[in-house]
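Hi,

Here is the structure I promised to pass on. Have a look at it first, and my notes on what turned up follow below.

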Amino acid sequence: QVQLVESGGGLVQPGGSLRLSCTASGGLLSIYAMKWYRQAPGAQRELVATIDSGSTTNYAESVKGRFTISRDNAKNTGTLQMNTLKPEDPAVYYCNAVGRDWSRGSAVDAWGQGTQVTVSS
């Protein structure tokens, strides 16, 4: 079974930076896309950033210029570098990996456990 394990997150002051990481394991994986979502209390889950297997990236307008998504295909790891964090950025951040597990011949649509990001002075 494919698992995504997230790390990073925590408390930071406005204007500060945090780095989130997500590592996929289990099976023989081809990750086609890695995505980061966030969900604030009482709000719907929001797509923040995506990166495909060719490293093409897309961002929500609210984070463009501040967040950077990257990936290491050899390690099946994705990273979200968050700079200039704002009071509207706090949420639980989730990574999502879409791809294929060749050991099982099955599609992969796996989610991380979520990590809390808090922005407060």
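A quick term before the notes: a residue is called buried when its relative accessible area is under 20%, and exposed when that value is over 50%. Also, please keep in mind that this is a predicted model.

With that cut-off, Arg66 counts as buried because its relative accessible area is 8%. Asp89, at 0% relative accessibility, is buried too. The side chains of these two, Arg66 and Asp89, form a salt bridge, 2.7 Å from N to O. The partners are 23 residues apart: Arg66 sits in the loop between strands E6 (57-59) and E7 (67-72), and Asp89 in the loop between E8 and E9.

Asp89 has a second partner in Arg38, with a salt bridge of 2.9 Å, N to O. Here the two residues are 51 apart in the chain, Arg38 being in strand E4. Arg38 is buried, just as Asp89 is. Add Glu46 and you have a network of salt bridges linking Arg38, Glu46, Arg66 and Asp89.

The total comes to five salt bridges. One of them joins the side chains of Arg104 and Asp101, at 2.6 Å from N to O. Asp101 is at 1% relative accessibility, so it counts as buried.

Now for the surface. Leu28, Tyr32 and Trp102 make a nonpolar patch of about 340 Å². Leu28 lies in the loop between strand E3 (18-25) and strand E4 (29-39), and with 54% relative accessibility it counts as exposed.

Cheers

How values were computed: Residues are numbered from 1 along each chain as its sequence is written. This is a predicted model: local features need pLDDT of at least 70, side-chain atom pairs count only at pLDDT 80 or more; totals for chains, interfaces and linings use all residues. Side-chain values use heavy atoms; hydrogens and water are left out. Patches are made of residues with over 30% relative accessible area and no salt bridge: like charges are joined within 9 Å, nonpolar side chains (Val, Leu, Ile, Met, Phe, Trp, Tyr) within 5 Å. Accessible areas come from the Shrake-Rupley method with a 1.4 Å probe; for residues, only the protein chains shown count as cover. A salt bridge is a side-chain nitrogen of Lys or Arg within 4 Å of a carboxyl oxygen of Asp or Glu. Helices (H or I, at least four residues) and strands (E, at least two) are DSSP runs, numbered from the N terminus. Buried means under 20% relative accessible area, exposed over 50%, partly exposed in between (1.4 Å probe, protein chains only).
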